[in-house]
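Subject: Structure for your files

Dear colleague,

Here is the structure I promised to hand over. Please have it open while you read the notes underneath.

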Amino acid sequence: MTHGQTQYQIRFDWGLEGASDIGVGADVIVVVDVLSFCTAVDLGLSAGLPVVPLAAEGGKPTGGAAVAAALSSSSALVVAGSLRNRRAIADWALAQQGDKGDRFTVAVIAAGEPGEEGGIRFCVEDLLGAGAVIDALADVGIDYCSPEAATASAAFTGLSNATGHLIGASAGGRELEARGRRPDVDLAIDLDVSSLVPVLGEFGFHL
C-alpha cells in the first residue's frame, strides 16, 4: 500500500481516508481534533459525562467526531487525542506496549475540517495537536516515525513556544472567537493538563 507507512511504528495522516491507509495493522489510532471535539471528549469525561461520536450525514466523515464514529468497528483501539492529554496518551501507549510485549504501532490522525466537495481542509490546530502527540510518544521511546509523523512532530517542537498564539490566531480559532467561544480555545490550548485517555467503546468514549 503506497500510503500505508506500514514499516513505521508511528504514522501520521489526515481524515478517514488517511486512517484507512495507515491504520492497517496499527494497535492504536489516535484521532486529533483540537477545536474542538477531542478537547470536548476530555472535558466531558472529566466531568463524568458520556461522549458518543456521531457519524456525519451523507456518509462523508469530517471532523473528529465523524472520523471516530467511522472507526468504531476498527480492530485497533481508538483514542481521542488533544494538546491537553498528549503526555497521558504517550504514557498509556508505553504501558500498552509493555503488556503486548512486542512492537507497538500508533497511527495518529489529524481530523481537519470539512472542505469543498467532501474534501478535508488543512487545520493548523490539528497539525500541531498531532505533532504534540507524536512528540510525547517519542519522549517515552516510541519513536520509529514515518517521514509524515516526523514532520508533524517537528512542526510542533519548532513552534511549541507559539502554539497557543498560532491556534488562537488560526482560522478555526478566529471562528470560535467570533462566535463568542474564546474560552473554548483557551481550554484547547492547555498543554499536558489532563491525565485522561479516552478510548472508544461500544457506547462511546470511556476511561
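The notes below go from the whole chain to its strands, then to its helices and two single residues.

Please keep in mind that this is a predicted model.

Whole chain

The chain is built from nine helices and eight strands. A compact globule of 207 residues would have a radius of gyration near 17 Å, and the chain, at 15 Å, agrees with that. The C-alpha trace spans about 50 × 40 × 35 Å along its principal axes. Of the 207 residues, 51% count as buried. The accessible surface comes to about 9,300 Å², and carbon and sulfur atoms contribute 52% of that area.

Contacts often link distant parts of the sequence: among those between residues at least 6 apart, 74% join residues at least 24 apart. As for charge, there are 12 positive and 26 negative side chains. The centres of the two sets lie 3 Å apart.

Strands

Strand β2 (residues 28–32) pairs with two other strands. With β3 (residues 77–81), β2 runs parallel and is joined by five bridges. With β4 (residues 106–110), β2 also pairs in the parallel sense, again over five bridges. Valine 31 of β2 shows both pairings: its bridge partner in β3 is alanine 80, and its partner in β4 is isoleucine 109. Isoleucine 29 stands opposite valine 78 in β3.

Strand β4 has a further parallel partner in β1 (residues 10–14), also over five bridges. In that pairing, arginine 11 has alanine 107 of β4 as its bridge partner. Taken in order of pairing, the strands described here run β3 to β2, β2 to β4 and β4 to β1.

How much of these strands is covered? In β2, five of five residues are buried. Side chains in a regular strand alternate between the two faces of the sheet. In β2, Val28, Val30 and Val32 point one way, while Ile29 and Val31 point the other way, and all are buried. In β3, four of the five residues are buried, so the strand is largely enclosed by the rest of the structure. β1 is mostly covered too, with four of its five residues buried.

Helices

Helix α2 (residues 37–46) has seven of its 10 residues buried and is therefore largely enclosed by the rest of the structure. The buried residues are Phe37, Cys38, Thr39, Val41, Asp42, Gly44 and Leu45; an aspartate, Asp42, is thus on the buried list. These residues pack against strands β2, β3 and β8 (204–206), and against helices α3 (63–70) and α9 (182–188). Glycine 48, which follows α2, has a positive phi, near 80 degrees.

Helix α3 is likewise largely enclosed by the rest of the structure, because six of its eight residues are buried. The buried residues in α3 are Gly63, Gly64, Ala66, Val67, Ala68 and Ala69. Their cover includes helices α1 (15–22) and α2, together with strands β2, β4, β7 (199–201) and β8. α2 and α3 therefore appear in each other's surroundings: α3 is among the elements that the buried residues of α2 pack against, and α2 is part of what covers α3.

Two single residues

Glycine 172 sits in helix α8 (residues 171–178). Is glycine 172 buried or exposed? Its relative accessible area is 10%, and the limit for buried is under 20%, so glycine 172 counts as buried. Leaving aside residues up to four places away in sequence, glycine 172 touches Leu35 and Glu125. Alanine 107, the β4 residue paired with arginine 11, is 65 residues from glycine 172 in sequence and 24 Å away in space, C-alpha to C-alpha.

Phenylalanine 203 lies in the loop between β7 and β8. Its relative accessibility is 68%, and the exposed class begins over 50%, so phenylalanine 203 counts as exposed. Phenylalanine 203 and aspartate 190 are 13 residues apart in sequence and 28 Å apart in space, C-alpha to C-alpha.

Regards

Technical notes: Residues numbered from 1 in each chain as written. Predicted model: local features only at pLDDT ≥ 70, side-chain atom pairs only at ≥ 80, totals over all residues. Heavy atoms only, no water. Buried < 20%, exposed > 50% of the residue type's maximum accessible area, 1.4 Å probe, protein only. Pairing = 2+ DSSP bridges. Rg over C-alpha atoms; globule rule 2.2 N^0.38 Å. Contact = heavy atoms within 4.5 Å. Areas by Shrake-Rupley, 256 points an atom, 1.4 Å probe, with all protein chains shown as cover. Lys, Arg positive; Asp, Glu negative; His and termini not counted. Charge placed at Lys NZ, Arg CZ, Asp CG, Glu CD.
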